[in-house]
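Me: I am new to this structure and would like to go through it in short questions and answers. Please show it to me before we start.

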Amino acid sequence: MYLSRRPRRLRKSTSIQAMTQETWLKKEDLIQPLFVIDGNSPAEAVNSMPGVYRFNINELVRTAVEVHELGIPAIALFPSINAHLKNAVGTEATNPETLVIRAIKAIKAEVPELSIIADVALDPYTTHGHDGLLSEDGTEVLNDETVEVLEEMALLLADAGVDWVAPSDMMDGRIGVIREALETNGFKHTCILAYSAKFASAYYGPFRDAVGSSSAAGTHHLNKNTYQMNPANRREAMTEVALDIEEGADAIMVKPAGPYLDVIRDVRENTTLPVSAYQVSGEYAQIHAASQQGWLDLEKCRYESLLSIKRAGADMILSYFSQAIAPSLD
């Protein structure tokens, strides 16, 4: 049979496959999310996320050193604070000695070359589990009042030495306010990683277990639809991205990653800024759960899932698989 084109010619050997591979996943693409708790108790397993732990600060520093030695360039920090420190307005978020501030300083003292990304949102600090302040009757998440608190949080994090502040709250206008605050307070080199297209996803449940916001709210299914995006909306994501770029974001995030590869591609094609994507807790948990049942190959599926996010256009990938998969990427 005569065929002028035989695509299989480019698949006949591993060397040719390597020569023609279009997308490569590198450990430099990865960011390792880490959870921190107060006190000296040993690491606490997150039951819904196999292999993920909440670390005290000493253990966190050791883990950060290990991440750096693997060649992963950055970590993202998330605090799980004691319940007695939470209240309706999240005052612990602006405590200059709060857990995440102490964690940042400890890591920077030990491994200053490692980039640290710190979340800017109120959900770990509030008794209701929302990312912002509530109206007196509890029916509305207040936008402008919340942004004032986020501004103060960002300045505290920058002063502690964080490399990136990452507003994950989805309040309108917060990127511009935080950018102006950083510029006018001597933190012009602090980057903003904007959670620009963060969807009101059902994939966040295990994360809320890890930081304690689900227990604070009394449910895994807290309704955040008035500020996080409708999963049905693709064009709206580009509006959010355009606004954050205009307001001074240094990089853009899409969250979750796997179910929103189309959005990652849209963002990649419409900005020259770095694009990040967050492979969230539910994505991680479902791959583990299926592999534990013998239905999926864990190592192959975690690699393929991350490769697909890179292929869609992400420059940086936050994934709980980062530390485990990095050695295989050498």
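What follows is a set of questions, each with a short answer.

Me: What kind of model is this, and how are residues numbered?
Reply: This is a predicted model, in which local features need pLDDT of at least 70 and side-chain atom pairs count only at pLDDT 80 or more, while totals for chains, interfaces and linings use all residues. Side-chain values use heavy atoms, with hydrogens and water left out, and residues are numbered from 1 along each chain as its sequence is written.

Me: How many helices and strands are there in the protein?
Reply: Helices (H or I, at least four residues) and strands (E, at least two) are DSSP runs, numbered from the N terminus. On that basis the protein has 12 helices and 12 strands.

Me: What is the radius of gyration of the protein?
Reply: The radius is taken over C-alpha atoms, and the globule rule is 2.2 Å times the number of residues to the power 0.38. For 330 residues that rule gives 20 Å, and the protein is close to it, so it is as compact as a globular protein of that length. The radius of gyration of the protein is 20 Å.

Me: What share of the residues counts as buried?
Reply: Buried means under 20% relative accessible area, exposed over 50%, and partly exposed in between (1.4 Å probe, protein chains only). Of the 330 residues, the buried share is 54%.

Me: Which residues of helix α5 are buried, and which exposed residues are on the face turned away from them?
Reply: Helix α5 covers residues 174–184, and its buried residues are Arg-174, Ile-175, Ile-178, Arg-179, Ala-181 and Leu-182. They span an arc of only 165° around the axis (from the directions from the helix axis to the C-beta atoms), which puts them on the same side of α5. The face turned away from that buried side carries the exposed residues Glu-180 and Thr-184.

Me: What covers the buried residues of α5?
Reply: Contact means heavy atoms within 4.5 Å. The cover includes β5 (115–120), α4 (143–160), β8 (164–167), β9 (191–198) and α8 (235–247).

Me: Which residue that is not a glycine has a positive phi of about 70°?
Reply: Most residues other than glycine have a negative phi, and most peptide bonds are trans. The residue in question is in the loop between β8 and α5, and is buried, with a relative accessible area of 3%. It is Met-170.

Me: Where is Ser-168, and what does it contact?
Reply: Ser-168 is in the loop between β8 and α5. At 2% relative accessibility, Ser-168 is buried. Leaving aside neighbours within four places in sequence, Ser-168 is in contact with Asp-119, Val-120, Ala-121, Asp-131, Arg-174, Tyr-195 and Lys-198.

Me: Which two residues does a cis peptide bond join?
Reply: The omega of this bond is about -5°. One of its residues, Pro-256, lies in the loop between β10 (251–255) and α9 (261–270). The bond joins Lys-255 and Pro-256.

Me: Is Leu-60 buried or exposed, and what does it touch?
Reply: Leu-60 belongs to helix α2 (residues 57–70). With 0% relative accessibility, Leu-60 counts as buried. Not counting residues up to four places away in sequence, Leu-60 touches Leu-34, Phe-35, Val-36, Phe-55, Leu-77, Ala-103 and Ile-107.
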